[in-house]
Each structure stands twice: as structure tokens, then as C-alpha cells.
Amino acid sequence: MSKNSKVLNLKDKISGNEMDLSLCNLTEVPVRELALFTKATVLDLSCNNITSLPPEFCSLTHLVKVDLSKNQLTSLPDDLGNLASLQHLDLYNNKLSVLPVSFSQLRSLKWLDLKDNPLEAGLAKAAGDCLDEKQCKQCASRVLQHMRAIQDEVDRAREKRLLREKELERKKEAKQREREAREKEARKREKAEQKEKRRKEYNAQVAAVAAREQQKKKSEEKKKKNGQAADKKVVVESAPKPRRSLIGLMFKVLLLLLLGLAGVAAACRLTDLQKEAMCVPVNVAVDDSLSWAREQEGVVRQLVQNLSSAAKEFLESTQASKN
């Protein structure tokens, strides 16, 4: 059956503001088609085989009265409370044990029938017998009160859960901040240690450079002192050299003069120049020198004898003292 034929069939089921879909052997509710008939505020779905209502059923907010009695409903949609205009709800003879928490939001509900459902004890006590109009109105009031209490408990549980989650999140954030603080402190401490290590290395390098400079300075001072001492020694040792050089020069000059005089004397004595006038004084001087030397020969011989006697006596006395 096409969508148009369904619409046509629903049109056949509508009478004024009432849509009668009872005894149609329905297993599901044609929500999309019902949504087209907003003037049908009364919906009769009784005596069918409906096991559940789709979530979209809660969008039929124009409904004022709904009859779902004698079906196979085991649960109602969670957002049933969105049916804000709903005043009359018949759930007689289904398989419901609980109602959705949002049921407490049906503030317009004035009439409710929950007979012949396997309701949980608390809900069954609140629902009562629903044997007449008055009891069904009381059922609506008491069930709404019961569901509001459940809603409050759910809200408190949700609030506690949210508070718990917030507390857990706060603790998690606190732990995260604490961990970040520890990590930051660890990084800070590591940087400080690295800086201290670099500072010590720098100070060690500076100390090493200073030590090398000090050693170099001491070495230079030592070399300088050694150099000054060497210079002084050289000055001290070299000081007599001019005297030696002068004596040697004088000795050389004297030797040259003697050699010269000996040469002149030899020339004047042994050559034909001895008769020359210039050689006469030379020959006289040579003769006088030879005479003086012969005169001194005895004195020298006596002096040598005395020295020999003295040396002999000294040696004998020394040998006697050893014995």
C-alpha cells in the first residue's frame, strides 16, 4: 500500500478531532502520517498488536487524548514528556513495568489508567485500582507525583554524578597542574644544574688560563732573573778581559820591542853595520848587558843551591813526621 493510500485511509479514519485506528491489527504506529493531521487531537490505537512506540511519536504534541489499551507495549519512549498537551492516557492491559522518567513532565495529564500491567511495586501502589473515573484521575495525580519524586532522585543522582565528574575533573586538572608544576620545577632544576655546570666549567677554564698565565709569568720572571744573573756573571767574568787584553797587548808590544832590539843588536854585532856610528851605542849596551849577566850568574847559582837545600830539608821533615 502506497503512502498516498495510507493518507487516504487515515482520512477515512478521522471524524472531527478524533482519529480512530483501533482494531486495525497495527504492529507499529504510522507517526509520519499522523503528523499530517494536527487537528486530530484524539487518537485511538486500542486493540492492536503494537509492542513499542517509536521516538518520533513524542513529536505529536497536538495530541490531547491517546488510547493505547489492549496492546503489547513493554516500554514507552524516553521523551514521552514532550507531549505537553496530553490530558488523557489509557494504557490499560499492556505489559508495562515502568514508566519513563520524563513522564513527570506531562503537566496537563488529568486521567490515567494503568490497570492490568505488571507494574513494579512502587509504581503499582501509586497507580491504585483505576476502577472508575475518579480513581483514574487520582491515578494520574499520584503517578505524576511518584514520577516527579523519581525525577528528583534522577536529577539529584545526575547532579551528584555531575558533581562527581566535576570533582574528578577538578582532581584530574589539579593532578595535571601538579604534574606540570613538577615537570616545570624539574626543567627549572635541570636548567639550573646545567647552568651551574657551565659556570663551574667556565671558572675551571678561567682558573686554568690564570694558572697558565701565572706559570708563564713565573717562568718569564725566572728566565729574566737567570738572564740578569747570567748578564752579571758575564759582566763579572768579562770585566778582567780588557785587562788581559791590555796586558797581552803590552806583552806583545814589549816582545816586539825586544825582538826589534834583538834584531838591531844582532845586526849591529854580526853585520858590517857594527862600525857605523848608530851601532856604537847599541854595541856598548849589549856589552854592558852581557857583563851584568855574567856577574849575576854566581848569584843565581847560589840562589838555586839554597832553594834545593831548603826543599830537601822540607821533604825529609815531612817524611819523618809521617813515620
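From the N terminus onward, the chain runs through the pattern α-β-β-α-β-β-β-β-α-α-α-α. This amounts to six helices and six strands, where helices (H or I, at least four residues) and strands (E, at least two) are DSSP runs, numbered from the N terminus. The model is predicted: local features need pLDDT of at least 70, side-chain atom pairs count only at pLDDT 80 or more, and totals for chains, interfaces and linings use all residues. Residues are numbered from 1 along each chain as its sequence is written, and side-chain values use heavy atoms, with hydrogens and water left out.

The six strands make an open sheet of mixed pairing, ordered 1-2-3-4-5-6; two strands pair if DSSP finds at least two bridges between them. Strand 1 (14–15) and strand 6 (111–113) are the edge strands, each pairing on one side only. Inside the sheet order, strand 3 (residues 42–44) pairs with strand 4 (residues 65–67) in the parallel sense, over three bridges. Val42 is placed opposite Lys65 of strand 4.

Of the 323 residues in the chain, 22% are buried. Buried means under 20% relative accessible area, exposed over 50%, and partly exposed in between (1.4 Å probe, protein chains only).

Lys191 lies in helix 4 (residues 133–238). Lys191 counts as exposed because its relative accessible area is 58%. On the surface, Lys191 joins Lys184, Arg187 and Lys188 in a patch of positive charge. Such patches take residues with over 30% relative accessible area and no salt bridge, like charges being joined within 9 Å. A salt bridge is a side-chain nitrogen of Lys or Arg within 4 Å of a carboxyl oxygen of Asp or Glu.

Methods: Patches are made of residues with over 30% relative accessible area and no salt bridge: like charges are joined within 9 Å, nonpolar side chains (Val, Leu, Ile, Met, Phe, Trp, Tyr) within 5 Å. Accessible areas come from the Shrake-Rupley method with a 1.4 Å probe; for residues, only the protein chains shown count as cover. Lys and Arg count as positive and Asp and Glu as negative; His and the chain ends are not counted. The place of a charge is taken as NZ of Lys, CZ of Arg, CG of Asp or CD of Glu.
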